[in-house]
Amino acid sequence: NKLIPLDSIMEMNIKLKKGMNRGYFGKISIGGGTKDRFDFESSINYYTKRMQISVAGAGNNTNKITGDVATLLAQGTYKNRNSYLDYQTDMALPGLNKTYAGGINFSYDFIDQPEFNNKSTLVANQFYQYRAVDEVTDNLIATTLGDGSRNLERGLNVNDKILRSNVFNLNYNLLKPEQSISISSNSSHRNESSSQTDDVYITDGSGEELSNSNSVLSSVNSARKYQVNASYNYHPQYYRNRKKPPFSLSYSGTFDDGHSESDLQRSFVSNTDQSLNSRFNRKYRYASDDTRHRLNFVLRNLEQVIFGESRHFLSIELTGRYVRTAKELSSQISDFENSSYSINQYLSDSNLEKEQNFLYGTKLGKVFSKRLTERYEKSTLISLGLLFADADFNNKSNFSVRKIQRNYSEFMPEASLT
């Protein structure tokens, strides 16, 4: 556009030479240092006209930690303008972290020549990480008393932890001129085992021990999560299908469960007052299960079905949303008494919460728009919703005060200005 240069459009068609749309490349780096420090990274990539595969692996004991395979590939091969150098040694991270990580990226185009409104792609990636943490904290505190004497308190804390995680993602997208489909899923599994010991000794100025305490906490935790999302959108070309209004349908589901087991033992010994001596021994067992379902439906441009053609004075759409959740949590606390463990009924509980919501109705809208230049316009949307909501809530527990059941049915109008 010679009159308005900033409004110009340039098109460029770049074609690869024959045989250049298939190949592979990779990289490997290995480093070592004092105190058995090591650091290695590797990646290999293979590509064709439709398919791309990337495999990456890394390991170190220099406190370099990442949470996905994309970071390994970005740091080890190629970067875009939005990449950050986050995969670096964290000097503020306590302890020694030994990490091994690896993953794979895969993508495939089902259409030989994809276009902006004609695509069919599959993308998947998996990432696994093993991490061992060794942390030791040693501290010494001096306290001066009123008579001028001084007591010394020395503490030693040792924390050993092992974490394993596995994440898998899968995405499929189909785009056609009049419809689109999107399906995605995510699954993750995480295990963690830890052992923490805390010893504290208090001595007087002459070095005589006044008291000592010991605490040992060992735990094993596991968590699994699975999520799936699916959506379908139908958007016909009105000049050919006036009696077919656009609509969208989507579903999302989340399934979580977790387990935790912990053992805590504490002891305190006083060499000056035997009545202060104490011992504590308790076991904790937790289990959780969380399920969520969400379904959405929207039917747009209903005025076109009613009047036979598009009416600019008003837009009508029908909407519906259904949500259902279930949360189950059980806790069992046991105390060591009389040479055996007995369940603490006051602290133990089993709770089940169920909830479902249904929101449905119609929305009326009016758009005011004004074209400013060739490709820019200003628009204002006024929307009024006539919605109804039905809700059901039910909570069950071992404790009567937590047993709740409610039902609601309400008219919920809404208005918006955009």
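A nonpolar patch, as the term is used here, is made of residues with over 30% relative accessible area and no salt bridge, whose nonpolar side chains are joined within 5 Å. With that in mind, and remembering that this is a predicted model, begin the tour at such a patch.

**Stop one: the nonpolar patch**

Select Phe 358, Tyr 360, Leu 384, Leu 386, Phe 388 and Phe 411, which form a nonpolar patch on the surface and together have about 520 Å² of accessible area. Two elements, β13 (349-371) and β14 (377-397), give two or more residues to this patch, and β14 gives the most, with three residues. Phe 411 is found in strand β15 (residues 404-417), and because its relative accessibility is 45%, it counts as partly exposed. Now add Tyr 322 to the selection: ring pairs link Tyr 322, Phe 358, Tyr 360, Phe 388 and Phe 411 into a cluster.

**Stop two: aromatic pairs**

The structure holds 13 aromatic pairs. One of them is Phe 38 with Tyr 100, whose ring centres are 6.1 Å apart and whose planes lie at 25°, so the pair is stacked. This pair links distant parts of the chain, since Phe 38 lies in strand β2 (residues 38-47) and Tyr 100 in strand β4 (residues 96-109), 62 residues apart. Phe 38 is partly exposed, with a relative accessible area of 22%, and Tyr 100 is also partly exposed, at 34%.

Move next to Tyr 108 and Phe 110, where the ring centres are 5.0 Å apart and the planes stand at 75°, so this pair is edge-to-face. Tyr 108 has a relative accessible area of 25% and is partly exposed, while Phe 110, at 41%, counts as partly exposed as well.

**Stop three: lysines over rings**

Select Lys 283 and Tyr 341, and look for the charged end of the lysine, which sits over the tyrosine ring at 4.3 Å from its centre. Then select Lys 366, which lies over the face of Phe 368, at 5.4 Å from the ring centre.

**Stop four: salt bridges**

The structure holds 14 salt bridges. Show the side chains of Asp 112 and Lys 49, which meet in one of them (3.5 Å, N to O). Asp 112 lies in the loop between β4 and β5 (119-144) and Lys 49 in the loop between β2 and β3 (51-60), so the pair ties together parts that are 63 residues apart in sequence. Asp 112 is partly exposed at 34% relative accessible area, and Lys 49 is partly exposed at 42%.

Next, centre the view on Glu 192, which forms a salt bridge with Lys 161, the closest N and O atoms being 4.0 Å apart. Glu 192 lies in strand β7 (residues 179-203) and Lys 161 in strand β6 (residues 150-175), so this pair ties together parts that are 31 residues apart in sequence. Is Glu 192 buried or exposed? Its relative accessible area is 18%, and because buried means under 20%, Glu 192 is buried. Lys 161, by contrast, counts as partly exposed at 25%. Arg 190 forms a salt bridge with Glu 192 too, with the closest N and O atoms 3.6 Å apart.

**Last stop: Ala 223**

From Arg 190, go on to Ala 223 in strand β8 (residues 209-234). Leaving aside neighbours within four places in sequence, Ala 223 is in contact with Ser 188, His 189, Arg 190, Asp 257 and Gly 258. Ala 223 counts as partly exposed, at 36% relative accessibility.

Definitions and conventions:
Residues numbered from 1 in each chain as written. Predicted model: local features only at pLDDT ≥ 70, side-chain atom pairs only at ≥ 80, totals over all residues. Heavy atoms only, no water. Helix = DSSP H or I, 4+ residues; strand = E, 2+ residues; numbered from the N terminus. Buried < 20%, exposed > 50% of the residue type's maximum accessible area, 1.4 Å probe, protein only. Contact = heavy atoms within 4.5 Å. Phe/Tyr/Trp six-rings, centres within 6.5 Å; stacked < 30°, edge-to-face > 60°. Lys NZ or Arg CZ within 6 Å of the ring centre and 35° of its normal. Patch = residues over 30% accessible without salt bridge, like charges linked within 9 Å, V, L, I, M, F, W, Y side chains within 5 Å. Areas by Shrake-Rupley, 256 points an atom, 1.4 Å probe, with all protein chains shown as cover.
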